[in-house]
Amino acid sequence: MVPLLLAAQLCASALLPPSRLLLPSDAGLTEVLSVPINEGLALTLLEANAASQEILVNAALDLASQGADEDPYGTVLWPAAQVVAQALAGLELEGARVLELGAGTGLCSLAAAACGAEVLATDYREEPLELLRDAAVLNKQTLQRELRVSTRLFDLQGDEPLPLIPHVLVAADLLYFKRTSSALARRCIEALAGGARYVLVGDCGRPGQGTFIDELLNAGVREAAVTFRRVDGWSSGSHRHSLIASCDGGIPQPVSVGLLTLEPSDLSGSSPRSG
């Protein structure tokens, strides 16, 4: 594989914004986006449209009133996914195993698969994984190549071990809450300690970022390695329900995204980090 820092430096610039595609959608409940990854690759992504978001938010509110958890956020594209996807595309991924946690609509998983990786995309909700699977079919047709991406329900906060130890572990826009952020840090350590070559995490300065960093440091990750490098990204510009995001879309807007990259050498007791 290309050294991660070099790949990230080369690929995490000059991102172009996503754009809406006027294609038929399933029962009028999905939006179709074209998301540029690099000069040679743009991917088709499906996300919940306005009507679908309204349904999901109402379901979440109903369950919340009953003391249950429901999450409509994973059915739309968030800015960090495009940045992480571009970083992935800068690696040599042919034949590599990639695991995405909290995949949501799955842009990172689709990008890795388009670059030749065998990908397992996970989320604790089925709705975003359905969007991902449908998008994989569309991209197979557009790219004229097989995309080796499978999906699985998996709660990163649970006690179950990672479903596999990948060559590359990725996560984007998951650091909303302390509990999730702490769990993601533990999963990063689990992957690196188990033999993963790289971990990529994208975040837009969500409230749980501090907890995530503290958890990594407490686990012995080198302080110098726990740095989110700023990358220019984009919002999708598509509709957002007011309880999902404060901005209701319109046109894509520039967004500052943080990209964290870790390697096994960043764990305590390892040899100095290369690159």
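Two strands count as paired if DSSP finds at least two bridges between them. Strands (E, at least two residues) and helices (H or I, at least four) are DSSP runs, numbered from the N terminus. The model is predicted: local features need pLDDT of at least 70, side-chain atom pairs count only at pLDDT 80 or more, and totals for chains, interfaces and linings use all residues. Residues are numbered from 1 along each chain as its sequence is written, and side-chain values use heavy atoms, with hydrogens and water left out.

Strand 2 (residues 30-38) and strand 3 run antiparallel and are joined by 8 bridges. One residue pair here is asparagine 38 with its bridge partner leucine 41 in strand 3. Both strands belong to an open sheet of 3 strands, ordered 1-2-3 with antiparallel pairing. Strand 1 (19-21) and strand 3 (41-48) each have a single partner strand, so one side of each lacks a neighbour in the sheet.

Helix 5 (residues 126-143) lies across strand 2 and strand 3, at about 150° to strand 3 (axes are lines fitted to C-alpha atoms, for helices over the stretch in contact, that is, heavy atoms within 4.5 Å; angles run from 0 to 180 degrees between N-to-C directions).

Further along, strand 4 (residues 97-100) runs parallel to strand 5, with 4 bridges between them; valine 98 stands opposite valine 119 in strand 5. Strand 5 also pairs with strand 6 (residues 149-153) in the parallel sense, over 5 bridges, and leucine 120 has serine 150 of strand 6 as its bridge partner. Of the 6 residues of strand 5 (residues 118-123), 5 are buried, so strand 5 is largely enclosed by the rest of the structure (buried means under 20% relative accessible area, with a 1.4 Å probe and protein chains only).

Note on methods: Buried means under 20% relative accessible area, exposed over 50%, partly exposed in between (1.4 Å probe, protein chains only).
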